[in-house]
Each structure stands twice: as structure tokens, then as C-alpha cells.
Amino acid sequence: MKILVTVKRVPDPDMKVRVNAEGTGIVEDNMKFVINPFDEIAVEEGLRIKEKKGEGEVVIVAIGPSVVQEQIRAALAMGADRGIHVDVDSYPDPLNTAKLLKAVAEKEAPNIVIMGKQAVDDDYGQAGQMLAAMLGWAQATFAYKVEIADDNSKATVTREVDGGLETIEIDLPAVVTADLRLNEPRYASLPGIMKAKTKPMDVFKPADLGVELSPVLELVRMEEPPPRKGGIIVETVDELLDKLRNEAKVI
């Protein structure tokens, strides 16, 4: 069984992100970058499926400049088998991301593509759905649990929805996007880190995949949120209700 897992390079969520003076992006000096947390969950799920099956291959794909190879190697250190780097100067919008992933999926012919449900830097949450539509494959988003049939023909996916959990059955190949509670990603072991340095990684340009990028989104300006105003302490419930009713006008 071949499992294709996508990863994206994002700023460490535990670090403070600052917008640069020009408002064109973030300050990257001294910024730590990691695998998008939802993508790390997707990597873990791919590894668990392979381990449960007792056979197969987990292939990691990332799109971006050469620095994204750090995140590919991190996923290989977790236990993935090989990597694919689609080399572009900047990170494309969801539509062009889906176009590139479609080309990779057609080249690799995986049984399943597993992605994080969204990236924590831009929060679009669109690429997985677009990819499934372009491929004409089934999709299961916000996965809480994934079970693959013995013959690899179907997957039973429990999804997180507004009202609780929903269980669906889909035909494979398919695209699955991982939610937060799907699993707990493992830590890379020292032997895994050492092995990752020699695991194969193919590098492709969009032209190599027959894809011409045509951006559909433009970043106009990036701004930090305004500072929060200090709160106040009220003495009585009546005073609280008065402020909510007459000042905040929320009741």
C-alpha cells in the first residue's frame, strides 16, 4: 500500500510571530519553523496504517523553496520512507497547491493521500478538498479515526462534525484530511534522525510535473491584531448587566 502524505513548513506555533515593517510578511530572523501540526498528525496516521498493514510505503511531499527539505527530513526521521520536494520560490495558494499535488498523485498513484485539515499559518483549509475534486477521488475531511479495508479497496472514516461524530465509508484511492484528535504524533528517535539523512528525496520543478502556476490570490497587506484593552472589575451583578446592556450593547 502506498500512502502519500503532504507536509508544510510553518512558524512554530509556540513562538511569537511578528509582522515585518513593510507589512508584506513575518519577521523570520530567529524564527523556528516546524511541520504544520495537522500535517504531523497526518504523517503519524500514515505510519500507523503502514505498521498495521505490515507492508507499504509512506511518501512525504512538500511544496516550497529549498528550506522545506528540513520538514521532509523531519517526517522521514519519524519513519516515512522517502520524500518529494516540489521546488517553487514561494508557497502557492490552495488552488495551485492542489494542482501540484494532483500532478504528484498521478505520478505516484497512491492508495490514499493524507493531509492536515489546514495549515496553522494561513488557515485556508482548502487544498485537500480541491485536490480530491481535481482527481475525481472520494474525500473524507476532519478525520477522527481511519480504518483501511484488508483489500485496500475502501476506508471507513469517522469525522468530526458540528454535532459530534459522523462515520462514512469511501472508496480508495481517496483524500483524507486529519483533525486534531486523530492521533498523537511520535517523536523522532536518534536512529530515525540518522537514517533520515540518507533516505531518498526527489526534487521536481512545476514544469517537470507539467504544471503552470497561475496565482489567484494576492497578499495585499499583513497587520498585527490591535492590542487588547484592559478589563474592569464590577461590584455587583446589576452593574455588570448595565454595562453589557448600555455600553457593550450585547444584551
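So, the second largest pocket: about 550 Å³ of space lies in there. Keep in mind as we go that this is a predicted model. The pocket has 20 residues lining it, and nearest its centre you'll find Ile35, Glu40, Pro185, Arg186 and Tyr187. Which elements give two or more residues to that lining? They are strand S3 (33-35), helix H1 (37-53) and H2. H2 gives the most, with 4 residues. If you sort the lining by class, you get 13 nonpolar, 1 polar and 6 charged residues.

Okay, let's stay with H2 for a second, since it takes us to the sheet. Helix H2 covers residues 69-78, and it lies across strand S4 (57-64), S5 and S11. Against S5, the helix runs at about 165°.

Now the sheet itself. How many strands does it have, and in what order? It's an open sheet of 9 strands, and reading across you get S9-S8-S7-S10-S6-S1-S4-S5-S11, with mixed pairing. At the edges stand strand S9 (164-171) and strand S11 (201-204); each has a single partner strand, so one side of each is left without a neighbour in the sheet. On average, neighbouring strands here are turned by 35° against each other, ignoring direction. In case you haven't met this yet: strands of a sheet pair through backbone hydrogen bonds, either parallel or antiparallel.

Take the S11 edge. Strand S5, residues 82-87, is joined to S11 by 4 bridges, and the two run parallel. If you want to find one of those spots on screen, look at Gly83, whose bridge partner in S11 is Met201.

Next, click on Ala62, which sits in strand S4. Is Ala62 buried or exposed? The relative accessible area is 3%, and buried means under 20%, so Ala62 counts as buried. Leaving out residues up to four places away in sequence, Ala62 touches Val7, Val68, Ile72, Ile84, His85 and Val86. And here's a nice one on folding the chain back: Ala62 and Val203 are 141 residues apart along the chain, yet their C-alpha atoms are separated by 9.9 Å.

Moving along the sheet to S6. All 5 of its 5 residues are buried. Both faces are covered, with Ile112, Ile114 and Gly116 on one side and Val113 and Met115 on the other. What about its partners? S1 is joined to S6 by 3 bridges, running parallel, and Val5 stands opposite Ile114 there. S6 also pairs with strand S10, residues 174-178, in the parallel sense over 5 bridges. In that pair, Ile112 stands opposite Ala174.

Right, back to empty space. The count of cavities of 30 Å³ or more comes to 1, and the volume of the largest cavity is about 360 Å³. It's lined by 25 residues, and the closest to its centre are Lys8, Thr97, Met115, Ala119 and Ala127. Elements giving two or more residues to this lining are strand S1 (2-7), S4, helix H3 (94-108), strand S6 (112-116) and helix H4 (127-135). By class, that lining has 12 nonpolar, 8 polar and 5 charged residues.

Then there's the largest pocket, with about 1000 Å³ of space. It has 30 lining residues, and Lys8, Tyr91, Asp121, Asp122 and Leu219 are the closest to its centre. The largest share of the lining, 3 residues, comes from strand S2 (residues 9-11). By class, we have 17 nonpolar, 4 polar and 9 charged residues.

Last bit: some backbone details in the loops. Pro173 is in the loop between S9 and S10, and the peptide bond from Leu172 to Pro173 is cis, with omega near 5°. Ala109, in the loop between H3 and S6, has a phi near 50°, which is a positive value in a residue other than glycine. Asn152 has a positive phi too, near 60°, and this residue is found in the loop between strand S7 (138-148) and strand S8 (154-161). Which of the two is buried and which is exposed? Ala109 is exposed, with a relative accessible area of 55%, whereas Asn152 is buried, at 18%.

Technical notes
Residues are numbered from 1 along each chain as its sequence is written. This is a predicted model: local features need pLDDT of at least 70, side-chain atom pairs count only at pLDDT 80 or more; totals for chains, interfaces and linings use all residues. Side-chain values use heavy atoms; hydrogens and water are left out. Two strands pair if DSSP finds at least two bridges between them. Axes are lines fitted to C-alpha atoms, for helices over the stretch in contact, and angles run from 0 to 180 degrees between N-to-C directions. Contact means heavy atoms within 4.5 Å. On a 1 Å grid over the protein atoms alone, a cavity is a set of points where a 1.4 Å probe fits but cannot get out, and a pocket is an open set with protein on both sides within 12 Å along at least five of seven lines; lining residues have an atom within 4 Å of a point. Grid points are joined across faces, edges and corners, and a volume is the space filled by probe spheres set on the points. Ala, Val, Leu, Ile, Met, Phe, Trp, Tyr, Cys and Pro count as nonpolar, Asp, Glu, Lys and Arg as charged, and the others, Gly among them, as polar. Buried means under 20% relative accessible area, exposed over 50%, partly exposed in between (1.4 Å probe, protein chains only).
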